[in-house]
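Here is a short briefing on one protein model. Keep the sequence and the 3D view open as you read.

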Amino acid sequence: MKSGRKLAPTIIVIFGGTGDLTKRKLIPAFYNLYIDGWMPEKFVIIGLGRTQWTDEDYKEHLHEGLVEFSRKGKPDEAKWQQFHASVSYFESNINDPEAYRGLADRLDAFDQEWGVRANRLFYLSIAPQFIEAATVNISKYELASRPDSDRIVVEKPFGYNKQTAVALNRLLSQTFQEEQIYRIDHYLGKETVQNILAFRFANALFEPLWNRNYIDYIQVTVAEQVGVEDRGSYYEHSGALRDMIQNHLLQVLCMIAMEAPISFQAEEIRNRKVDVMRAIRRLRPEEVHKYAVRGQYGPGWIAGRKVPGYREEPGVDPRSNTETYAAVQLYIDNWRWQGVPFYLRTGKRMQEKTSSITIQFRPVPHSTFSPTQAGNIMPNRLTINIQPTMDIRLRFTAKKQGLEMSLNPAEMVFDYDTCSTQTPEAYETLLLDAMRGDATLYMRSDQVEEAWDVITPIQEAWESRDSLDFPNYAAGTWGPESAEALIARQGHIWALNLHT
Ligand SMILES: NC(=O)C1=CN([C@@H]2O[C@H](COP(=O)(O)OP(=O)(O)OC[C@H]3O[C@@H](n4cnc5c(N)ncnc54)[C@H](OP(=O)(O)O)[C@@H]3O)[C@@H](O)[C@H]2O)C=CC1
Ligand SMILES: O=C1O[C@H](COP(=O)(O)O)[C@@H](O)[C@H](O)[C@H]1O
């Protein structure tokens, strides 16, 4: 998040260079950074994989990805030619130590050609079981020996539970110093999520209200219309709680709930966020059923199209009990948030694709207006729409035009579309930050471990009960009825379901 374009020469090594993430997200992000002038003057991208490809095959594969997935669409041919001159393929097996010797030679050759020891960015776009081989060999061949300029980006899932996350942190720390480790959570790179910090800490207006005295409850919804797609075998070992709540939704919660940082330094921001994580009340096993609900989609209709249930998806056990929906009610035990419920929910195959934060303010303490005048007066509400709609809306009450005093809800809207050119993709922001050595939007080891700690009681309670009445919501709906009941107990409703 620092500004300034001059970046040191950089070598980017992508483990998993032939994989889906590289094609769908990483290369489009690097390419868009390149055409927008953000890449270092001297850079190379080396993709690693076992697939038997020449450089030309590899580039053709990446080009297909750009056409399909880049936010800017089909690349300009001349620009693509310039960009791909810096891209090469290195056929290798992660588990083969000899491959790292070859890689070391390649890296050294660039240093010699450029006359400078380039920064090195190792991107682990690989399944978790390969991380150990990659890091051990990076260490053995001293590929990342300069803590101030060599970095590693680690993709999700970061562990399977707290124990495995701790073990992974320990493994990484044997090769890298914490400042070199960039644990990615792509939600933190989203423009609208970053703007939570600007909105809260660059304006004096909301801060005095941002607490238990004025806020009734907070909701974070990440609803997807897509199902599990072709990731059934991954998702079967994950589920919505691990896949989304443990990382993206808890990170968003931290942005909303954190105290004001004294500076915009990475460590300061991360300290304030981890404070929130530590203050989240841990559920006792016997409370889990009261504060957390899960669901799994059955067949249904999305946008006029019939779609199968989760159990019919490829790679999924036909008797699977994996949750595709999770909703939790959390409390933050500190002065600011005591007693304010934070409702987090996420699901696949929901009625709409929408990620949104609702800050519901308390009603006025006394109604000055008669019931006839007040009409449908509603308490103030701030809605931060993350995607696909990107805006911030403040609902307030105004007088209806006319000769009588009669009230109506009104809205003030900040709409990104009216003031931005094209919004960068999360991966563009995050990759640029990693090249700059700015870890503000990446997760620190303690944050990840605390996040696992928050969900551990839920995980354990859910794993100990396997006879479920799944599927319990139809694709194309807002999830199981139990999620409505969860918050109805406090007299609340999910803001988006009724568009209230
Ligand atoms: N795809 C996505 O949208 C997202 C992915 N992620 C995470 O990113 C990581 C990668 O995911 P994704 O790209 O989808 O996975 P893919 O299965 O598409 O790709 C896996 C990559 O790993 C490589 N690989 C596997 N085994 C070896 C080996 N022994 N030696 C060398 N390379 C090997 C494959 O190369 P080859 O076959 O050529 O050997 C391939 O490039 C995962 O951790 C995933 O959870 C996170 C968020 C979203
Ligand atoms: O990390 C993940 O995120 C996606 C949703 O990301 P978005 O940017 O499209 O909101 C989710 O589909 C996937 O299951 C999960 O692994």
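The points below cover a sheet, some helix pairs, two ligand sites and a few unusual backbone spots.

The model is predicted. An open sheet of 6 strands is one feature to find. Two ligand shells are described too, one with 20 residues around ligand 1 and one with four named residues around ligand 2, including Lys-156.

**The sheet**

- The strand order is E3-E2-E1-E4-E5-E6, and the pairing is parallel.
- Strand E3 (87-91) and strand E6 (181-183) are the edge strands, since each pairs on one side only.
- From one strand to the next, the twist averages 20 degrees.
- In general, strands of a sheet pair through backbone hydrogen bonds, and they do so either parallel or antiparallel.
- Strand E5 (residues 150-154) runs parallel to E6, and 3 bridges join the two.
- For Val-153, the bridge partner in E6 is Tyr-182.
- Helix H4 (residues 97-114) lies across four strands: E1 (10-15), E2 (43-49), E3 and E4 (119-124).
- H4 runs at about 160 degrees to E1.

**Helices H5 and H6**

- The axes of H5 and H6 come within 9 Å and cross at roughly 15 degrees.
- Angles under 35 degrees count as roughly parallel, so H5 and H6 are roughly parallel to each other.
- The crossing of H5 with H6 is left-handed.
- On the H5 side, the contact uses Ile-131, Glu-132, Thr-135, Ile-138 and Ser-139.
- On the H6 side, these meet Leu-168, Leu-171, Leu-172, Gln-174 and Thr-175.
- By class, this contact of H5 with H6 has 5 nonpolar, 4 polar and 1 charged residues.

**Helices H10 and H14**

- Helix H10 (residues 266-279) and helix H14 (residues 445-463) have axes that come within 9 Å and cross at roughly 15 degrees.
- H10 and H14 are therefore roughly parallel to each other.
- Their crossing is left-handed.
- H10 brings Arg-270, Lys-273, Val-274, Met-277 and Arg-278 to the contact.
- H14 brings Asp-446, Gln-447, Glu-450, Ala-451 and Val-454.
- By class, the contact of H10 with H14 has 4 nonpolar, 1 polar and 5 charged residues.

**Ligand 1**

- Of the 20 residues around ligand 1, Gly-19, Asp-20, Leu-21, Gly-49 and Arg-50 come nearest.
- Helix H1 (residues 20-35) gives the most to this shell, with 3 residues.
- The shell around ligand 1 divides into 6 nonpolar, 9 polar and 5 charged residues.

**Ligand 2**

- Lys-156, Glu-224, Asp-243 and Ser-355 surround ligand 2.
- This shell has no nonpolar residues, 1 polar and 3 charged.
- Lys-156 also takes part in a cis peptide bond, described next.

**Unusual backbone spots**

- Most peptide bonds are trans, and most residues other than glycine have a negative phi.
- Lys-156 and Pro-157 are joined by a cis peptide bond, with omega about 0 degrees.
- Pro-157 sits in the loop between E5 and helix H6 (162-175).
- Gln-387 and Pro-388 are also joined by a cis peptide bond, with omega about -10 degrees.
- Pro-388 is in the loop between strand E15 (381-387) and strand E16 (391-399).
- Glu-142 is not a glycine, yet its phi is positive, at about 50 degrees.
- Glu-142 lies in the loop between helix H5 (131-140) and E5.

Conventions: Residues are numbered from 1 along each chain as its sequence is written. Chains are lettered from A and ligands numbered from 1 in the order in which they are written. This is a predicted model: local features need pLDDT of at least 70, side-chain atom pairs count only at pLDDT 80 or more; totals for chains, interfaces and linings use all residues. A residue is near a molecule or strand if its C-beta atom, placed from the backbone, lies within 6 Å of it. Ala, Val, Leu, Ile, Met, Phe, Trp, Tyr, Cys and Pro count as nonpolar, Asp, Glu, Lys and Arg as charged, and the others, Gly among them, as polar. Two strands pair if DSSP finds at least two bridges between them. Axes are lines fitted to C-alpha atoms, for helices over the stretch in contact, and angles run from 0 to 180 degrees between N-to-C directions. Two residues are in contact if their C-beta atoms, placed from the backbone, lie within 7 Å. Angles under 35 degrees count as roughly parallel, over 145 as roughly antiparallel, 65 to 115 as roughly perpendicular and the rest as oblique. A crossing is left-handed if the near helix is turned anticlockwise from the far one by less than a right angle, and right-handed if clockwise.
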